[in-house]
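Good morning, colleagues. I should like to take a few minutes to walk you through one protein model. Please keep the sequence and the structure in view as I speak.

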Amino acid sequence: MIPDLRPIARAALCATAALLAVLPAAARGPGFDFPAEVAGFARGPRTDYEARAPGLGYSVVYTNGRWKADIYVYDAGVANIPDGASSPAVAGQLAQAAGDVSTAVAQGIYRGSEDRGPVRVPGEAGARLTCRAFSIDHPALGPTESLLCLTGLRGQFVKFRLSGPAAKQAPKAEAERFITGWLDRQ
């Protein structure tokens with residue numbers, strides 16, 4: 001006689017559903033596509049922050065020889081993050097990220113920084129993001145230009161940080177092609 005496994009399967013599904021209900025949103029969040037290449041940028045490693053700091057999600061790095069582009073996907077413990085760049089939640093995250101640059105200077109991670117203020121990247125990405133530009137004096141890299149952009153997407157914050165040596169800084173149109181290329185795949 002073959003035992004009826006349906007009650008066991010049902011119990012397993014209920015246990016899984018209960019577990020998903022208590023996990024932070026970033027741990028169970030929507031899948032995003034991180035292709036091997038986007039607009040000439042090659043994908044690097046993924047770093048998981050969620051396990052040690054719930055709400056911080058994960059990041060994936062891309063490089064193209066001039067820019068290093070980090071994409072962070074997280075919820076910061078915020079529920080109902082609206083899509084787009086115009087929400088107070090996204091503005092708050094951009095302000096916090098700008099403050100993190102100042103904190104890095106105070107902690108000696110950077111030798112100095114200058115917040116160059118809000119910028120709009122060209123093209124379609126500019127309408128989908130809120131961005132700030134920074135000049136950073138990095139101990140290992142020297143003078144560095146950094147572009148920080150944020151948006152809300154499918155209940156998550158998506159933060160782009162593109163950085164590169166000031167001497168080799170490529171035009172913002174290159175950053176826009178990367179950001180637009182990635183967003184268009186989502």
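Leaving aside its neighbours within four places in sequence, which residues is K159 in contact with? Before I answer, let me state that this is a predicted model. The partners of K159 are D70, I71, Y72, Y74, A97, L148, C149 and L150. The lysine itself is located in strand β8, which covers residues 156-165.

Is K159 buried or exposed? K159 counts as buried because its relative accessible area is 15%, and the cut-off for that label is under 20%. One of its partners deserves a further word. L148 lies eleven residues from K159 along the chain, and the C-alpha atoms of the two are separated by 7.2 Å.

Another partner of K159, C149, leads to my second topic, the disulfide. The structure holds one such link. It is formed by C131 and C149, with 2.2 Å between their sulfur atoms. The pair links distant parts of the chain: C131 belongs to strand β6, residues 130-138, and C149 to strand β7, residues 142-153, with the two cysteines 18 residues apart. As for its geometry, the link is right-handed, with 115 degrees about the S-S bond. Both cysteines are buried.

Let me now turn to the C-terminal end of the list of elements. The order from the N terminus on is α-α-β-β-β-β-α-β-α-β-β-β-α, which comprises five helices and eight strands. What is the extent of helix α5? Helix α5 spans residues 172-184, and its 13 residues reach 18 Å from the first C-alpha to the last, close to the 18 Å expected at 1.5 Å a residue.

Which residues of α5 are buried? They are E174, A175, E176, F178, I179, T180, W182 and L183. In reading that list, one may recall that an α-helix has 3.6 residues a turn, so residues three or four places apart point the same way.

Finally, some totals for the protein chain. Of its 186 residues, 40% count as buried. The chain exposes about 9800 Å², and carbon and sulfur atoms supply 58% of that area. Where contacts have a separation of 6 or more, 53% of them are accounted for by residues 24 or more positions apart.

To close, I return to the starting point: K159, in strand β8, is buried and has C149 among its contacts, while C149 in turn forms the disulfide with C131. Thank you for your attention.

Note on methods. Residues are numbered from 1 along each chain as its sequence is written. This is a predicted model: local features need pLDDT of at least 70, side-chain atom pairs count only at pLDDT 80 or more; totals for chains, interfaces and linings use all residues. Side-chain values use heavy atoms; hydrogens and water are left out. Helices (H or I, at least four residues) and strands (E, at least two) are DSSP runs, numbered from the N terminus. The expected span of a helix is 1.5 Å times one less than its number of residues. Buried means under 20% relative accessible area, exposed over 50%, partly exposed in between (1.4 Å probe, protein chains only). Contact means heavy atoms within 4.5 Å. Accessible areas come from the Shrake-Rupley method with a 1.4 Å probe; for residues, only the protein chains shown count as cover. A disulfide is a pair of cysteine sulfur atoms within 2.5 Å.
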